[in-house]
Amino acid sequence: MHKDFELPQQVSRRAFLQTSLVTGGALVFAFHFGGRAVAADAAPPKSVVKYPPASFIRVEPDGTTVFQINKLEMGQGVNTSMAQILAEEMDCDWSKVRSESAPVNAVFNHTGFGTQMTGGSSALNSSYEQHRTIGAMARAMFVQAAAEKWEVPTSSLHTENGFVLGSKGKLSYAELAPAVALLSPPETVLLKDPKKFKIIGKSVERVDAFDKSTGKAKFGLDVQIPGMLYCVVARAPVFGAKVKSVNDTAAKAVSGVKMVLALPDRVAVLASNTHAARMGRDALQVDWEKTGKEGVSSASILKEYQEAAKTPGAVAEDKGDTANEMGKAKKKIEAEYVFPYLAHACMEPMNCTINFDGQTCEIWSGHQMPTIDRDTAATMLGLDKERVQVHTTYAGGSFGRRANKNSDYVVEACMIALKAKTPFKVVWTREDDMKGGYYRPFTYHKAVVGLDAKGMPHAWDHRIVGQSVVGDSFFEKMMVKNGVDPTCVEGVAGSHYNVPNRFVTLALQKQHVPVLWWRSVGHTHTAYAMETLMDEIAHNAKKDPLALRLELLKGSPRHVAVLKLLKKVSPWGKPAPKGRAYGLAIQESFNSVVGQVVEVSMSDGQPRVHRVWAAAHVGRVVNPEGAKTQLEGGILFGLSAALYGKVDIADGVPTANNFNDYPVVRMNEAPVIHSFFVDSEDKPTGLGEPGVPPLAPAVANAVFRLTKKRVRTLPFKDSLA
Amino acid sequence: MGELVLNVNGKTHKVNAPEEETLLSVLRNRLNLTGTKYGCGEGQCGACTVLMDGAATRSCSIPAAATAGAKITTIEGLEVNGRLTVVQQAFLDEGAFQCGYCTSGMIMSATSLLRDMKKPNDEQILGAMNGNVCRCGTYPRIRAAIHEAAKTVRG
């Protein structure tokens, strides 16, 4: 999940011949196979790569270049940034670019994961070289077509803004498209010298700007297909409960309700509109079987986890000889951390539209993992995969929720479709969404840090207890080895801090509450523990926290660069304004390093964040304003969780319902954010998630300065009450 | 079930809907105007904001029946032949959106604010906008967009 993505494997000829795009009126260029990319700025690649440019690009007669974006646009800007990469090498007219969401096809697989998916903040990192090559191949083919038409050598021609130019004049890509359709892609292409980039590295306006500002952009919840019903589902309050009995008489009598379908573990009400479906569901009387989990509460879970932490779990890291070296420690810092379940709380609640006629099926939603969703649907419906079409719409936020390892809402829609025999859209209310599970897991840490005579960490014993987000899914076999789910320990195990002895263990627990990755996954809790402990270590050693980190991060140049940049751009080291304090944290996640300094004051016992300075090493920045908004977004997402985020379990049931009891940060709580990037020409690395982890610990560190309190249980709202 | 006559974006619509059905539900499900969004159904998130006679209104919290006789404007009713309003253009200029789901509500709330107040200060902006939730974290840019729009509106 965290490796840099290599150039992709060979794409079989058959696979992408099936994907040639033909649309009425649009001119598509066909091809046979891709070629080898030779970067002007790098050594030749190790493998021969085959790319199918025609699957990704088409040029319409009016000169519009349409790109197929094989990632989900959920706010992070892929429809724009990935288009920028294609357009740069292609030299098309950026002002006439349109991005479409790619259908499901093997040619659109993530270059690292072998399935079409968006996640791990890896879109740009995994697509950068591939998309440059595709764009460059397309450009070469337009030049070839012009050269043949003019009967001149290709070397005498150049391209600019969607035109091929030479001594004989100029030809637009649109004019050349029919000829290009008859060409084979070249064996080798030269990539542009990055010094000549005109689009990559620029803050171009987002391609979805107009549609999103005018209400034209269609999200999953907006999908409407002819003859469609609206479906609202009664789900078990206690996860996993089966339906014992249903009385649907009153529900069926509600005007607009067309059918009530009882399934083993839920009851679906289908009606002519959402209002009627909701009224129908309200009128249902459903009795649920007991599962034995009715006694589970947040308190009981914590107790279980504290018990589990009394002995070390599966070994995630064993560096040096922690057990023995801990005995030599001059002083120890011991800390326990409690992290609650967190809801994703996307602005757009979950939804799924499905049209299954028994022979074929179409599904619409904002999918992060469309291949998996498609394959799961095909299995459930008893169809060949080719007969299931998954349409990926815009998503109103996702943060991992729509990358459901169990394809939860797709499976549910299929179960209902098998009985409904009509197209319909499953609509989740906000309450359904909040109570629907798949949370960031409840997690418990127990850490003991042994300090040497200088107060530096010498031995570090860190126990983590939590649920595996990939448990109970096919991901589990792939990812969980010897009892260790890497997503539970990332950021602690293998930490860059030069501590000579470190022993990290994980005790995986099972709960009836389903869990899932939540923006920055393990780093949501590991960064908090690590960075508040670092602050404690610094405080005890009477060292400046930034200086301490520089000392402990020798040999990690990206971390050092980020800390130095933070020192330069933030007021760290200077006295804070009266009544305020600064806090600092740094975390590497998803191949990027992000450090933050926050300026905090206390108000009615709660922290108020006034300003944040963020410094990040994310490799080459494709869209500077876009990159800044991702850091800002991560910071605000992290702030909501730090201040308020908590889904409690009481009597086996999640207690969150709506924004009244799952508060999120509002405009008046948004700090002023200044973002800076370390100059780098490395391949772009992650931005969707890395802004999240440092925020909460940075705030905690500032809170300590102001109150002398070390907050080790989140959210602040509860700990500082 | 009753017949309602609604005026939406300058057009008259006859709708047959139950008394208690919300304006949001009528707009989205019956008039196919999906630009106005469902976010919470309780008036807590602002995604459903429309204008009723120019004033910001949470369409999820008002029955459609209660809007008869009023001029309702949705996000679809702002732009004219591709020409965006000052507020819409300001949102574009400041990049004041990410996923875009809260954007319709934000723009409608901001439009109503600037109709009422030509020179809103930060406190007044927050007062008008605090009911609109954004989970992508674009608040600072939305605030900047409103300031920018206010400058243009003032001339």
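**Aromatic pairs and internal cavities**

Across all chains, 16 aromatic pairs were counted. The model is a predicted one. A pair of aromatic rings is described by the distance between the centres and the angle between the planes.

One of the pairs joins A:Tyr305 and A:Phe442. The ring centres lie 5.7 Å apart, and the planes meet at 85 degrees. This geometry is edge-to-face. The pair links distant parts of the chain. A:Tyr305 belongs to helix 9 (residues 298–308) of chain A. A:Phe442 sits in the loop between helix 13 (430–435) and strand 20 (443–451) of chain A. The two residues are 137 residues apart. Both A:Tyr305 and A:Phe442 are buried.

A further pair is formed by A:Phe339 and A:Tyr528. The planes of these rings stand at 85 degrees, with the centres 5.8 Å apart, so the pair is edge-to-face. An angle over 60 degrees is what that class requires. A:Phe339 is part of strand 15 (residues 331–339) of chain A, while A:Tyr528 is part of helix 16 (residues 523–540) of chain A. The pair therefore ties together parts that are 189 residues apart in sequence. A:Phe339 is buried, as is A:Tyr528.

A:Tyr305 and A:Phe442 also belong to an aromatic cluster. The cluster consists of A:Phe239, A:Tyr305, A:Tyr341, A:Tyr439 and A:Phe442.

Lysine side chains were also found over ring faces. A:Lys170 lies over the face of A:Phe163, 4.5 Å from the ring centre. A:Lys708 lies over the face of A:Phe704, at 5.2 Å from the ring centre.

Cavities were examined next. The model holds 10 cavities of 30 Å³ or more. The largest cavity has a volume of about 140 Å³. It is lined by 16 residues. Closest to its centre are A:Arg440, A:Thr524, A:Ala641, A:Ala696 and A:Leu714. Helix 16, helix 19 (624–643) and helix 20 (695–707) of chain A each contribute at least two residues to the lining of the largest cavity. Helix 19 of chain A gives the largest share, 3 residues. By class, the lining of the largest cavity has 12 nonpolar, 3 polar and 1 charged residues.

The second largest cavity has a volume of about 80 Å³. Its lining comprises 17 residues. Those closest to the centre of the second largest cavity are A:Pro441, A:Val469, A:Thr487, A:Cys488 and A:His525. Two or more lining residues come from each of strand 21 (457–467), helix 15 (486–489) and helix 16 of chain A. Strand 21 of chain A supplies the largest share of this lining, 4 residues. The lining of the second largest cavity divides into 9 nonpolar, 7 polar and 1 charged residues.

Helix 16 of chain A thus appears in the lining of the largest cavity and in that of the second largest cavity. A:Thr532 also lies in helix 16 of chain A. The relative accessibility of A:Thr532 is 4%, so this residue counts as buried; the cut-off is under 20%. A polar atom of the A:Thr532 side chain lies 3.2 Å from the backbone oxygen of A:Ala529.

Technical notes:
Residues numbered from 1 in each chain as written. Chains lettered and ligands numbered in written order. Predicted model: local features only at pLDDT ≥ 70, side-chain atom pairs only at ≥ 80, totals over all residues. Heavy atoms only, no water. Phe/Tyr/Trp six-rings, centres within 6.5 Å; stacked < 30°, edge-to-face > 60°. Buried < 20%, exposed > 50% of the residue type's maximum accessible area, 1.4 Å probe, protein only. Lys NZ or Arg CZ within 6 Å of the ring centre and 35° of its normal. 1 Å grid on protein atoms, 1.4 Å probe; cavity = no way out; pocket = protein on both sides within 12 Å on 5 of 7 lines; lining within 4 Å. Points joined across faces, edges and corners; volume = space filled by probe spheres on them. Nonpolar A, V, L, I, M, F, W, Y, C, P; charged D, E, K, R; others polar. Polar contact = N/O pair within 3.5 Å; in protein donor to acceptor, adjacent residues only side chain to side chain.
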